[in-house]
Amino acid sequence: MKIFKFFVTQIFLRKAILGIGMILLLCMANYITFTAARSILSTFQGYQETNYINQEGVYIANLDPDSPMDMGFISESGTQAVYDYLNSNFDYAFYTDGFIVSIPNPDGMEISLGYMNEGYYNLKQFELSQGTDLDFNYQFDREIPVLIGKGLSKTYPVGSTIKMEESVLGRPITLKVQGVLKQNAYRSNYYALNSKTYYNFSILVPVNEEFLNHAAIDLTLNGLMDVAILGTTKEETADLGKVINDNLGLEFNFLSQQDNYDYFKEYYLHALKMICIITFVLLIVITCLSIWNAFVSVRSMLKDFTINLLVGLSDSKLKQIFYGYFGILSFLNLTAVFIITAFNRYGCWLRKDATFATYGLFGLIGMDWLAFLLVAASDILMGVIVVESMLWKIKKIPISLGVLQ
Amino acid sequence: MTRIIDLRVKEKIYKSKKTRLSILNDFSLQVAAGEKIAIVGESGAGKSSLLNIIGLIDRNYHGEYALLGSLTNDLHASKLAQWRNQKIGFVLQESALINSLTIEDNIKLPFLYAEKKTFQPEDFESVISAIGLKPILKKKPLECSGGEKARAVFARGIIMKPQIILADEPTASLDMENRERIVSLLFKMNKEFNTTVITVTHDLEIANRHDRVIQLERSK
């Protein structure tokens, strides 16, 4: 240890510019690898998570980008007519969220309300850490059973009630906590699979026909945008599209989740592939630059290495010192990436951003740690290449008395 | 007298992309304990290569080398490093100091690699006093004169009380006074501690003050 300390303090750090060069190169390599790895992992998670909706006969509504949007034409009666048609002819999964309410909680978060019907609830299969499944046949004017995120579970344990003024019904309502969602439960976007909404500070409200009949138009209209029609055919959804068009003046497409995946493949997967290729190329370039930096270091420190070898340093010890030094640089960089990531995660808490606040050690979640593991693996690979190149260079010169003349 | 070095080199080859140079062909050297040997010869004859082999730095040659009665060819690299630390002292040109360290730390460098706690302050003090380095111990090499640096390199070479001193052109860039001082110190070590001294030099006057002079010739 004292030999390693001597080398770091008296030799390596005396050529600070070379150490800084290596730190910067490693930092670039680590950050690029981390970002790419996390994007890929998040996309993979999105694929896995949205599989619940990727079923034969399930079509998801999607507002055509070229659809006219005349808000004056959209009325409550028109929306009601669409829902009447839906209720008479289809089973459907209704889900919409992003309705913000203020209820007391220790973290001071703005709480996001999500609304879903039984069709969606059965498809999505929420995992609970406490409580029991939702009952959709509740008495509308009494307590409404809800699921809440982990962040609210201490303040509102299972069985407790939450009273609030709710904009969708436009009157005070009482919610009863039926269950608590698992920590970091999330929902992925059907189209951008690496985009997620976390439920840690959400309340999921079950909606039934009666609820929808009394709900404001912003809920019913928003719900239509992502409604999934179950056990149907393309032709039947075309009829529904016509009904929507007649009543609301909007053009809707109905796509299966496989169509959404195909859309993702066409527009996002290409970008993801490019990220992978660019990351790989950049890693090769950075590794080459690191080797060059290491060779310059060897050149500039060769006299010091030689003197140490003459007075008792062994080749194997020198190898250990190089690996140890690279390990420290790598650790410092990993720590830097870790701090940046933790700060980003923690930033969601500071901004009271309920849909992105996550739980975990320093706010980091599974895919962050997995991405760190990949960064550590790439650092090990890079370390082996750089250190072995240095040792090869030293043997090639080689160390001898001639170096000191 | 005890034979301390028994070296038989068939050849030492230096290869580059286009050339292949063979030196020290069928060279043998036997050295007794306490002997003073000078190695002379023109540049490229293999003087430094020979010191690299004797000093256990280079094992990439054809031949056999017994040091202090043990065959070194099969010894583990860490054992060789240990022997370089304890049994061999290198006295090199005055530039062979680490510039970021003080003269004191340069001299104490071998202690860093010593297995046991071999550093004895009184031994260090006596060496420093004998060589006259006390006033410059806290200085960095770049703040010292050539003679001071040469003496510091010498002090580092003998601080572990080695059985063999390998001196590679130790006086090459020194003035007459400092040159004489270093040679005297070398011979003093030889006389007082029976240390074997092998000196590579271009200076025939210094060479002739050794017990034996070995002339190396360049390969044809």
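In which loop of chain B is the place of B:Leu56? In this predicted model, B:Leu56 sits in the loop between α1 (47–54) and β5 (62–67) of chain B. Its phi is positive, at about 65 degrees, although B:Leu56 is not a glycine. B:Leu56 is buried: 22 other C-beta atoms lie within 10 Å, and the cut-off for burial is 20 or more. A positive phi also occurs at B:Leu68, at about 50 degrees, and this residue is likewise not a glycine. B:Leu68 belongs to the loop between β5 and β6 (70–71) of chain B. B:Leu68 is partly exposed, with 15 other C-beta atoms within 10 Å.

Chain B contains an open sheet of five strands. The strand order is β7-β8-β9-β4-β10, and the pairing is parallel. At the edges stand β7 (88–91) and β10 (212–216) of chain B. Each has a single partner strand, so one side of each is left without a neighbour in the sheet. Neighbouring strands of this sheet are turned against each other by 20 degrees on average, direction ignored. The edge strand β7(B) runs parallel to β8 (residues 164–168) of chain B, and four bridges join the two. Within this pair, B:Ile88 stands opposite B:Ile164 of β8(B).

The contacts of B:Leu166 were examined with neighbours within four places in sequence left aside. B:Leu166 is then in contact with B:Leu51, B:Ile54, B:Gly55, B:Ile88, B:Phe90 and B:Ile198. B:Leu166 also belongs to the largest nonpolar core, which holds 82 residues. Seven residues touch the most other members of this core. They are B:Val91, B:Val153, B:Phe154, B:Ala155, B:Ile165, B:Leu166 and B:Leu186. The element that gives the most to this core is helix α8 (residues 257–310) of chain A, with eight residues. A second core is separate and comprises 58 residues. Among them are A:Tyr59, A:Tyr83, A:Leu147 and A:Tyr198. In soluble globular proteins, nonpolar side chains tend to be buried together.

The contact between the chains involves 21 residues of chain A and 25 residues of chain B. On the side of chain A that touches chain B, α1 (2–12), α8 and α9 (315–350) of chain A each supply at least two residues. By type, the residues on this side of chain A divide into 10 nonpolar, seven polar and four charged. Helix α8 of chain A thus appears in both settings: it supplies residues to the side that touches chain B, and it gives eight residues to the largest nonpolar core.

The secondary structure of chain A comprises 10 helices and 13 strands. The radius of gyration of chain A is 29 Å. This is well over the 22 Å that the globule rule gives for 405 residues, so chain A is more spread out than a compact globule. Along the principal axes, the C-alpha atoms of chain A fill a box of roughly 95 × 45 × 35 Å. Of the 405 residues in chain A, 36% are buried. Among contacts in chain A with a separation of 6 or more, 81% are between residues 24 or more positions apart.

Chain A has an open sheet of four strands in the order β2-β12-β1-β13, with antiparallel pairing. Its edge strands are β2 (91–93) and β13 (252–255) of chain A, and each pairs on one side only. Neighbouring strands of this sheet are turned by 30 degrees against each other on average, direction ignored. Strand β1 (residues 59–63) of chain A pairs with β13(A) in the antiparallel sense, over four bridges. A:Leu63 has A:Phe252 in β13(A) as its bridge partner.

Helix α7 (residues 234–248) of chain A lies across three strands of chain A: β1, β12 (228–230) and β13. The helix runs at about 160 degrees to β13(A). A:Ala238 is a residue of helix α7 of chain A. A:Ala238 is partly exposed, with 13 other C-beta atoms within 10 Å. From A:Ala238 to A:Lys15, the C-alpha to C-alpha distance is 71 Å, and the two residues are 223 residues apart in sequence.

How values were computed
Residues are numbered from 1 along each chain as its sequence is written. Chains are lettered from A and ligands numbered from 1 in the order in which they are written. This is a predicted model: local features need pLDDT of at least 70, side-chain atom pairs count only at pLDDT 80 or more; totals for chains, interfaces and linings use all residues. Two strands pair if DSSP finds at least two bridges between them. Axes are lines fitted to C-alpha atoms, for helices over the stretch in contact, and angles run from 0 to 180 degrees between N-to-C directions. Two residues are in contact if their C-beta atoms, placed from the backbone, lie within 7 Å. A nonpolar core is a set of buried Ala, Val, Leu, Ile, Met, Phe, Trp, Tyr and Cys residues joined through C-beta atoms within 7 Å. A residue is buried if 20 or more other C-beta atoms lie within 10 Å of its own, exposed if 12 or fewer, and partly exposed in between; C-beta atoms are placed from the backbone. Ala, Val, Leu, Ile, Met, Phe, Trp, Tyr, Cys and Pro count as nonpolar, Asp, Glu, Lys and Arg as charged, and the others, Gly among them, as polar. The radius of gyration is taken over C-alpha atoms; the globule rule is 2.2 Å times the number of residues to the power 0.38.
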